[in-house]
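Here is a short, friendly tour of a protein and DNA assembly. Have the sequence and the model open as you read.

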Protein chains: 2
Amino acid sequence: MPERRSRKDAVRNREAVLAAADALFSRRESPEDVTMADVAAAAGVGKGTLFRAFGDRAGLLRALYAARLASMREAVESGPPPLGPATPPRERVPALLDAVLCFKLDNRPLALALEGSGNGSPYRAEHYAWWHGLLRGVLEQIPGLAEPGFTAHALLAATRADLVEYLAGEEGLPREHLRAQVRGFVVRALPSASH
Amino acid sequence: MPERRSRKDAVRNREAVLAAADALFSRRESPEDVTMADVAAAAGVGKGTLFRAFGDRAGLLRALYAARLASMREAVESGPPPLGPATPPRERVPALLDAVLCFKLDNRPLALALEGSGNGSPYRAEHYAWWHGLLRGVLEQIPGLAEPGFTAHALLAATRADLVEYLAGEEGLPREHLRAQVRGFVVRALPSASH
DNA sequence: CGACGATACGGACCGCCGGTCCGCTTGGCA
DNA sequence: TGCCAAGCGGACCGGCGGTCCGTATCGTCG
């Protein structure tokens with residue numbers, strides 16, 4: 001299995017597309033009016049190249065998302081508390097959800113585009129499975145918490161991109177308020193610490 | 001303001017479209033492959049008529065949703081416990097969310113289509129505002145519950161159509177299990193009854 | 001009952017977008 | 001240097017939501 005190498009121009013174009021798409025999704029407020037043709041043009045590349053590199057729109061979105069998520073993924077998997085694995089579960093759960101929330105606040109258009117990508121649900125996406133698996137694992141370590149699987153889904157649902165967008169954008173709720181509310185909700189949903 | 005009457009053929013066609021759309025969304029599993037042209041054809045009507053009557057796709061979806069929701073709306077606003085207004089809050093909240101869940105289970109494709117209708121978020125929709133306002137009002141009557149507004153959003157998020165679809169469809173979770181899990185989660189998120 | 005204006009009908013038509021195709025270019029190896 | 005697989009790019013396609021306008025129908029008024 002010699003693992004076929006890509007040609008240099010191919011990887012360069014891939015980078016260019018990623019960078020261009022990143023910029024476009026950050027600039028434009030609504031993700032829907034970033035078209036594939038736009039991205040290709042902004043990257044100085046033909047549409048064929050774009051689709052060859054990423055398969056389809058969802059593929060591009062996923063690649064972008066994964067790239068931006070990388071640093072957080074590392075912080076969660078091997079970083080220091082309160083995000084890293086050494087944190088006690090009861091403390092780590094709110095930290096994880098806060099991280100998700102902040103990520104979505106910082107990448108609003110992209111998160112919106114990915115979750116809203118018409119096709120299937122966001123739930124089939126690989127990154128969602130990762131979050132869910134992780135959260136579920138942590139929840140399982142909290143004694144007395146029934147149904148960690150569903151609880152993980154429900155907690156993650158409280159940070160859905162469109163809800164975040166609505167509260168932060170439409171309603172103008174400031175970032176710190178939103179963070180506090182999410183934290184409050186999450187803590188409340190965990191069984192009380194005593195006994 | 002004599003409130004201009006519609007012509008008879010207009011209302012008849014409106015009914016026909018509603019019925020046809022209803023049938024199509026129930027039959028087809030994915031809401032995306034019910035096109036406007038399909039609906040028009042199934043109703044024996046031209047596309048122009050369809051768009052004249054409902055404005056756009058979202059308008060049709062909303063009208064359908066509202067029609068199916070009517071009976072539940074009444075049950076909630078003036079029906080007997082546990083859904084009606086006479087129910088004690090701590091008991092009514094899980095009942096309300098169970099009702100939402102069941103509704104979405106019973107109207108999967110439609111709910112999916114409405115929440116996923118690309119444009120804006122589901123959060124601008126009138127029916128969501130209604131649910132949220134109602135739930136918030138009930139939550140406010142529970143002593144010791146901070147942030148009823150956000151809590152209402154978060155609880156409703158746990159019954160999002162695409163999550164329901166994923167759990168019930170993809171994962172094959174039986175209806176009663178799902179109901180039990182939602183109920184468990186909701187109850188857990190409420191402050192404990194004692195003191 | 002006949003006729004006339006307002007209202008609604010319907011399907012050809014439009015613009016747009018995601019995605020494909022294929023003749024041409026270019027990188028990389030012998 | 002020559003060869004060819006890998007890659008490029010933009011014309012092209014199918015299908016969708018939505019519009020337009022000539023035609024048919026309703027319902028009212030003389």
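## How the copies are related

In this predicted model, a turn of 180 degrees with a shift of 0.0 Å along the axis lays chain B on chain A with an RMSD of 0.1 Å (a least-squares superposition on the C-alpha atoms of residues with pLDDT of at least 70 in both copies). The two copies are therefore related as by a two-fold rotation axis. In chain B, B:Ala189 has the C-alpha nearest that axis, 2.2 Å from it.

Residues are numbered from 1 along each chain as its sequence is written, while chains are lettered from A and ligands numbered from 1 in the order in which they are written. Local features need pLDDT of at least 70 and side-chain atom pairs count only at pLDDT 80 or more, but totals for chains, interfaces and linings use all residues.

## Where the chains meet

Chain B and chain A each bring 25 residues to their contact (C-beta atoms, placed from the backbone, within 7 Å). On the side of chain B that touches chain A, helices H8 (148-157), H9 (161-170) and H10 (175-189) each supply at least two residues (helices are DSSP runs of H or I, at least four residues, numbered from the N terminus).

That side of chain B has 11 nonpolar, 8 polar and 6 charged residues (Ala, Val, Leu, Ile, Met, Phe, Trp, Tyr, Cys and Pro are nonpolar; Asp, Glu, Lys and Arg charged; the others, Gly among them, polar). The same surface serves both copies, as 100% of the contact residues of chain B recur in chain A.

## Around DNA strand C

Of the 22 residues around DNA strand C, the nearest are A:Thr35, A:Gly48, A:Asp56, B:Gly46 and B:Gly48 (a residue is near if its C-beta atom, placed from the backbone, lies within 6 Å of the strand). The surface near DNA strand C divides into 10 charged, 7 polar and 5 nonpolar residues. H3(B) gives the most to this surface, with 4 residues.

How values were computed: Two residues are in contact if their C-beta atoms, placed from the backbone, lie within 7 Å.
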